[in-house]
Structure formats: C-alpha cells, structure tokens
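Let's take a walk through a protein chain together, going from its overall layout down to a few individual side chains. Keep the 3D view open as you read.

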Amino acid sequence: MNSGVIAATKDANSCSIPKIKSIVSYLPIDSDNWVNCKVLGRGGKSTGKYKYHCNVQFDDNSIRCIDWENDVSDWKQTPDNTLTPLPENNENVTEEVESNVMIVNDTQISQAIQVELHSWRENGVYTSIPDGGQRFVAARWTCGEGQSGDGAKFMRARLVAR
C-alpha cells in the first residue's frame, strides 16, 4: 500500500480552516479582493455537515459565518494589528445576557412540568407499558417563559427527545 497516494488523495479532498482567535485574510471565490477577519469559533461540529464553517468578525465588527470549503478560494494568516478585536471584557455581551436572564423557583418549573404531563395524558400522547427490554428514546425537559393572549407571563415546560 502506497501511503503517498493516500496522502495525496486525502490532501486533494480536504479543506483547511484557520484556528480560532486567529486573524486572517481570505479571498472569496466570487471576488478578487482579499477580506480581513478574526476567527471567533467553529460554525459546526468538526465531524458534521458544517465542519468547514467558521464564525468570523470583520473590520466593521459585523459577524458572519463563512464556509471555508465552498466560499473561500485562498486564505492566509495576517498580523494581529489588521483587525479591531472584540472587547476582551465582553461588556456588551454581558449586558445582553443579563437582560435575558429569568429567575424562577423550583415550584414554578415543577408546576409547568405537571401541566405538560397532564396535557399529554389528556391528549393520549403516550401509553404506559411495562419494561420488556425494548429500546427507549432519551429525553430532557426544556423550560422557558410563555405569554398568554392577554399578556400574562407564565413558565412553560416541554419534553424534548434527544
């Protein structure tokens, strides 16, 4: 078995992507102008459908996801001073997160779960059967705030299959 042939085939079919937190210039496939950006992170799992996607920040601080396999013809590492980085203390992000934080107590969540289970029983969503070694579906509860038609807020719980 010739390892050179395997390596050549692998190199021909693979795509390299820049490292996270690196400053790069890339050449879009549909343009002759190089674009500077900072790589913020992956846009998908390394083994998934979006393994060549990266979230990047441009000079104007806008953020976008780039597909390095299909949208980039060439890229190179650039000096750190070519792009204005995001603030290290992430002040804007912290303010946004704090405005979306919801403080609830366990009784609100328990009540929401009970309401959902009651709804499932009323609508005949499931049938209880004895354990006979059959396969099962893993699930988890997701909880959030709902709003009724009159504007009243309440806790909502949903059972989600994994």
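Let's begin with the hairpin near the end of the chain. Strand β6, residues 139-147, and strand β7, residues 153-161, are joined by nine bridges, and their pairing is antiparallel. If you would like a pair to find in the viewer, Thr142 stands opposite Arg158 of β7. The two strands of this hairpin have five residues between them, and there you will find Gly151 with a positive phi near 95°. Please keep in mind throughout that this is a predicted model.

Now zoom out to the whole chain. It holds three helices and seven strands. Reading from the N terminus, the order of elements is α-β-β-β-β-β-α-α-β-β. The chain has 162 residues, of which 20% are buried. As for how the fold links distant stretches, take the contacts between residues at least 6 apart in sequence: 41% of them join residues that are at least 24 apart.

The next stop is the sheet. Five strands make up an open, antiparallel sheet, and their order across it is β4-β3-β2-β1-β5. At the edges stand β4 (63-67) and β5 (72-77); each has a single partner strand, so one side of each has no neighbour in the sheet. From one strand to the next, the twist averages 45°. For a closer look at one of the pairings, go to β3, residues 53-58, which is joined to β4 by five bridges in the antiparallel sense. Here Val56 has Arg64 of β4 as its bridge partner.

While you are at β4, look for Asp67, which belongs to this strand. Which side chain of opposite charge is nearest to Asp67? It is Arg42, but at 9.7 Å, and Asp67 is buried without a salt bridge. A salt bridge would need a side-chain nitrogen of Lys or Arg within 4 Å of a carboxyl oxygen, so a separation of 9.7 Å does not qualify. The Asp67 side chain does have a polar partner in the backbone, since it reaches the nitrogen of Glu69 at 3.0 Å. Beyond its neighbours within four places in sequence, Asp67 is in contact with Tyr52, His53 and Val72.

From there, move to two loop residues. Ser22 sits in the loop that connects α1 (3-13) with β1 (23-28). Is Ser22 buried or exposed? With a relative accessibility of 8%, Ser22 counts as buried. A polar atom of the Ser22 side chain lies 2.5 Å from the backbone oxygen of Lys19. Leaving out residues up to four places away in sequence, Ser22 touches Cys37, Lys38, Val39 and Gln77.

Ile29 is in another loop, the one between β1 and β2 (35-42). Its contacts, again not counting residues up to four places away in sequence, are Asn70, Asp71, Val72 and Ser73. Ile29 also gives you a handy distance to check: its C-alpha is 8.2 Å from that of Asp74, although the two are 45 residues apart in sequence.

To finish, return to the hairpin and see what it meets. How many salt bridges does a search of the whole structure find? There is one, and it is formed by the side chains of Arg158 and Glu116, with an N to O distance of 2.9 Å. Arg158 lies in strand β7, while Glu116 lies in helix α3 (residues 106-122), so this pair ties together parts that are 42 residues apart in sequence. The two partners have their own levels of exposure: Arg158 is partly exposed, with a relative accessible area of 39%, whereas Glu116 is buried at 11%.

Next to Arg158 in the numbering you will find Ala157, also in strand β7. Ala157 is buried, with a relative accessible area of 1%. Once residues up to four places away in sequence are set aside, Ala157 touches Ala112, Ile113, Glu116, Trp141, Thr142 and Cys143. Glu116, the salt-bridge partner of Arg158, is thus one of the contacts of Ala157. One last pair to try in your viewer is Ala157 and Gln108, which are 49 residues apart in sequence and 9.8 Å apart in space, C-alpha to C-alpha.

Key: Residues numbered from 1 in each chain as written. Predicted model: local features only at pLDDT ≥ 70, side-chain atom pairs only at ≥ 80, totals over all residues. Heavy atoms only, no water. Pairing = 2+ DSSP bridges. Helix = DSSP H or I, 4+ residues; strand = E, 2+ residues; numbered from the N terminus. Axes fitted to C-alpha atoms, helices over the stretch in contact; angles between N-to-C directions. Buried < 20%, exposed > 50% of the residue type's maximum accessible area, 1.4 Å probe, protein only. Lys, Arg positive; Asp, Glu negative; His and termini not counted. Polar contact = N/O pair within 3.5 Å; in protein donor to acceptor, adjacent residues only side chain to side chain. Contact = heavy atoms within 4.5 Å.
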